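Colleague: Could you walk me through this one? I'm new to it.

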Amino acid sequence: MEILIRPTPEEVAVTAADILSAHIKRGAVLGLATGSTPLATYRQLIARHRAGELSFAGCRAFLLDEYVGLAPEHEQSYHYTIRNEFTAHIDIDDAAVHSPDGADPRPWEAAERYERAIIDAGGVDVQLLGIGTNGHIGFNEPAGSLNSTTHMETLHQQTVVDNSRFFDSEDEVPTHALTQGLATIRRARHLVLLATGLGKAEAVAKLAEGPLSASCPASSLQLHPQATVVVDEEAASHLVEKEYYRYIEAHRPAWQGYDGQPIEGVL
Ligand code: F6R
């Protein structure tokens, strides 16, 4: 796992956009997260697209998750949100932006179909992730299987409270979601997890330095060969080995990209 510490959330977004841009230029299959954290990164990418630096024309995208019971046109559905915040503002084909069907009355079948669609697309090249205050990624809540594929999950009460800010009241937050599983997420070739703010500091420390445990679903990144965690100083504040992570970045070989591969033409 590589941990990149930036002074501010804005600089987290710039670094995340740099990493994603390299994949986007190769026409990647993108794994997209919703929630507040990636919004600044999406704004960066939109700005680069508007400046003529970045085209998403060859890209496809798969969302991490979707609320069960919300129609795609519901303003809080992730289908709607990702278009509103990101994909409607870039040149990706709308039909190439996929999400689990939260409105399917047979959610277990929708989950299976989604898992298959990701596999049929050749898998995700780069998966953007946020992290819940309780250590969830996607909607994989504590104590789920570390080997899960796309499935329906009951949201943790903490997640319902955290996400109620997007709804008129806590009662309106759906109780269930369809989410890529931890095994699905780990099949992506490069994982990029973003976290900002003090509220995420404990979860970030558990993800990177705690034991591999279903109690902190994000710790399953420890099993992935190419995971990059980009955090601001506040979110990094509980990391014991913070100085070592800075040292690693300061000594990064000039030829090495953030995906661990040699950067073409550097040597
Ligand atoms: C959203 C998702 C969630 C969020 C997490 C953090 O698609 O999968 O895991 O990334 O709940 O949310 P924010 O960024 O709003 O703090």
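Modeller: Let's start with the pocket. The ligand occupies the largest pocket, a pocket being an open set of points on a 1 Å grid over the protein atoms alone, with protein on both sides within 12 Å along at least five of seven lines.

Colleague: Is this predicted or what? Where does the numbering start?

Modeller: It's a predicted model, where local features need pLDDT of at least 70 and side-chain atom pairs 80 or more, while totals for chains, interfaces and linings use all residues. Numbering runs from 1 along each chain as its sequence is written, and side-chain values use heavy atoms, without hydrogens and water.

Colleague: Which residues come nearest to the ligand?

Modeller: T37, D65, H136, G138 and K200, out of 16 around the ligand (a heavy atom within 4 Å).

Colleague: What kinds of residues make up that shell?

Modeller: Five are nonpolar, eight polar and three charged, with Gly counted as polar.

Colleague: How far is the side chain of K200 from a ligand oxygen?

Modeller: An N or O atom in the K200 side chain sits 2.6 Å from a ligand oxygen. For H136 that distance is 2.7 Å, and a polar side-chain atom of D65 is also 2.7 Å from a ligand oxygen. The protein covers 93% of the 410 Å² of accessible area that the ligand has on its own (Shrake-Rupley, 1.4 Å probe).

Colleague: New topic: how many aromatic pairs are there?

Modeller: Eight, counting ring centres within 6.5 Å. Y67 and F167 have ring centres 5.7 Å apart and planes at 80°, so they're edge-to-face (over 60 degrees).

Note on methods:
Polar contact = N/O pair within 3.5 Å; in protein donor to acceptor, adjacent residues only side chain to side chain. 1 Å grid on protein atoms, 1.4 Å probe; cavity = no way out; pocket = protein on both sides within 12 Å on 5 of 7 lines; lining within 4 Å. Sits in = over half its atoms within 2 Å of the grid points. Phe/Tyr/Trp six-rings, centres within 6.5 Å; stacked < 30°, edge-to-face > 60°.
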